[in-house]
Structure formats: structure tokens, C-alpha cells
Amino acid sequence: MKAPPPGARAAPATARNRGPILEALRRRLPGSGVVLEIAAGTGEHAAFIAAALPHLEWRPTDPDPGALISIAAWREDAALPNLLPPLALDASDPDAWPVERADAVVAINMIHIAPWEAARGLMTGAGRVLPPGGLLFLYGPFIEAGVETAPSNLAFDLSLKSRDPAWGVRRLEDVARLAARRGLGLAERIALPANNLGLFFRKA
Ligand SMILES: C[S@@+](CC[C@H](N)C(=O)[O-])C[C@H]1O[C@@H](n2cnc3c(N)ncnc32)[C@H](O)[C@@H]1O
């Protein structure tokens, strides 16, 4: 991976997960339209995926002002016509989302590092901005009924809760139930490296 441009942040995990995430998305995202990225963080996924999928417009967002600066720095460095300027967006406040429509919504590593309110808002907001059949993609660790949780994910859950008791690795069935109440059905679950899952929800 290239060194971050001035003002940009870098997350070491991105070098490991961006390839598998891209391949998961490449075959499932629509052929055109705008992808709304929630919790874009450093902005590295946005720059990497937008470069690989030039037929899509990529709109990165994050509520953290420092993240927005980093995303803007990666965007300037990438100089891609389909990578749109970052917007401030707090998933937990869907009434204030600065976007009316998106053809797909992507949230990588967000719902376990935010209070449950953020997951609730994400589902409400995605349910509103997506068209019928539109895709919501979540990436991260999950706890699954009937599947032994990887020790690394159990340890991660404890470390998240020690940082903030409202954080924690979420149970897939809770997330799927929440999504279903917003008209988003769990269409596909794929295993990704390092005990992470990719979850694809489709709006009815
Ligand atoms: C672990 S980082 C993941 C960043 C990036 N997606 C990645 O995988 O490298 C979590 C991100 O969630 C964002 N976040 C936290 N609470 C949020 C909320 N309520 N709505 C949207 N994003 C939120 C943080 O600002 C941070 O950028």
C-alpha cells in the first residue's frame, strides 16, 4: 500500500481487508449509480474501491471531523472523477442524513464500534434512501447462533466493551431482525478473512 498523503490517516487492517471486500462488492453492486459509504474512516476503502469500480459514484461519509479531513486527503491524492467529496453523516440520526437517495449503502467496521443506536439509524436511513431491490452491505465480525465464535472475536468483543460498554460485536440475528423491521431482508452472508462476515441486505 502506498504511504498516506499529507493529512491522511491509515488503518493497518485496510491493507488486509480491502481486496476481499472489493471482490465481494464487485459482483453484487449495481452496474451504475451512487454508493453511499457510512463510517468511511480514513477514506482508504473509498479511494481503493472507487478506483476499481469506475462505473459507480462513491460517496464517503463519517461523523468525525478528523476522518473527513483524512478522506478528503485520500480523495485529492486519488483524483478520481467518481469519488465524491466526503459528507458529515451520523448514522444514528437518519433524519439528518445529507443524502436523499443512494443505489447501494456500504458500512465497513461500524456497527460494533458504535452504540446500537447507530445500527438502528443505519437500518432506518438505508431503508429510506435505497430503491426497491437496493443493497446494504455490512462488513465486520458477528456472533452467529450455532456457530462457534472465534476466540479472536470474543477477545475483540471484550476489548470493545472495555473501551465503551455500548460497543460490542453484534449478534447476526439481532442485526437481521432490526434490518427486517426496516424492510431490508438478509439476502446473503459470506465468510471473509480473519473471521469477518460480509452481509448483504436487499430492500424489498
Ligand atoms: C473502526 S472505524 C472503521 C472505518 C473504516 N470503515 C474502516 O474499516 O477502516 C469506525 C468508524 O465508524 C465511525 N462512526 C462511529 N460512530 C458512527 C456513527 N454513529 N455513524 C457513522 N459512523 C460512525 C467512526 O467515526 C469511524 O470512522
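Select helix α2 (44–52), where Glu-44, His-45, Ala-46, Ala-47, Phe-48, Ile-49 and Ala-50 are buried. A residue is called buried if 20 or more other C-beta atoms lie within 10 Å of its own, exposed if 12 or fewer, and partly exposed in between, with C-beta atoms placed from the backbone. Seven of the nine residues of α2 are buried, and the helix is thus mostly covered. Helices (H or I, at least four residues) and strands (E, at least two) are DSSP runs, numbered from the N terminus. This is a predicted model, in which local features need pLDDT of at least 70 and side-chain atom pairs count only at pLDDT 80 or more, while totals for chains, interfaces and linings use all residues. Residues are numbered from 1 along each chain as its sequence is written.

Display next the elements that cover the buried residues of α2, including α1, β1, β2, α3 (65–78) and β4. Contact here means that the C-beta atoms of two residues, placed from the backbone, lie within 7 Å.

**From α2 to strand β2**

Continue to His-55, in the loop between α2 and β2 (56–62). Is His-55 buried or exposed? His-55 counts as exposed, because it has 10 C-beta neighbours inside 10 Å. Apart from neighbours within four places in sequence, His-55 is in contact with Gly-31 and Ser-32. For a long distance label, pick the C-alpha atoms of His-55 and Val-147: they are separated by 37 Å, and the two residues are 92 apart along the chain.

Now select β2 itself. Six of its seven residues are buried, so β2 is largely enclosed by the rest of the structure. Strand β1 (residues 33–38) pairs with β2 in the parallel sense over five bridges; two strands pair if DSSP finds at least two bridges between them. Within this pair, Glu-37 stands opposite Pro-60.

**The sheet**

Colour the strands of the open sheet, which has seven of them in the order β3-β2-β1-β4-β5-β9-β8, with mixed pairing. Its edge strands are β3 (87–88) and β8, each of which pairs on one side only. Strands of a sheet pair through backbone hydrogen bonds, either parallel or antiparallel.

Select β4 (residues 104–108) and β5: these strands run parallel and are joined by five bridges. Ala-107 has Leu-138 in β5 as its bridge partner. On to β9: strand β5 (residues 135–140) pairs with β9 in the antiparallel sense over six bridges, and Gly-140 stands opposite Leu-197 of β9.

Why is β9 described as largely enclosed by the rest of the structure? The reason is that six of the eight residues of β9 (residues 196–203) are buried. Strand β8 (residues 184–192) also pairs with β9, in the antiparallel sense over eight bridges. There, Leu-186 stands opposite Phe-201.

Add helix α1 (residues 12–26), which lies across β4, β5, β8 and β9 and runs at about 135° to β8. Axes are lines fitted to C-alpha atoms, for helices over the stretch in contact, and angles run from 0 to 180 degrees between N-to-C directions.

**Two residues with positive phi**

Zoom to the hairpin formed by β8 and β9, which has three residues between its strands. Ala-194, in that turn, has a positive phi of about 60°. With 12 C-beta neighbours inside 10 Å, Ala-194 counts as exposed.

Then move to Ala-79, in the loop between α3 and β3. Its phi is positive, about 50°, although Ala-79 is not a glycine. Ala-79 is exposed, with 9 other C-beta atoms within 10 Å. Most residues other than glycine have a negative phi, and most peptide bonds are trans.

**The ligand shell**

Select the ligand and the 21 residues around it, of which Ala-39, Gly-41, Ala-91, Asn-109 and Ala-114 come nearest. A residue is near a molecule or strand if its C-beta atom, placed from the backbone, lies within 6 Å of it.

**The whole chain**

Zoom out to the full chain, which comprises six helices and nine strands. Its C-alpha trace spans about 45 × 35 × 30 Å along the principal axes. Buried residues make up 40% of the 204 residues. Among contacts between residues at least 6 apart in sequence, 72% join residues at least 24 apart.
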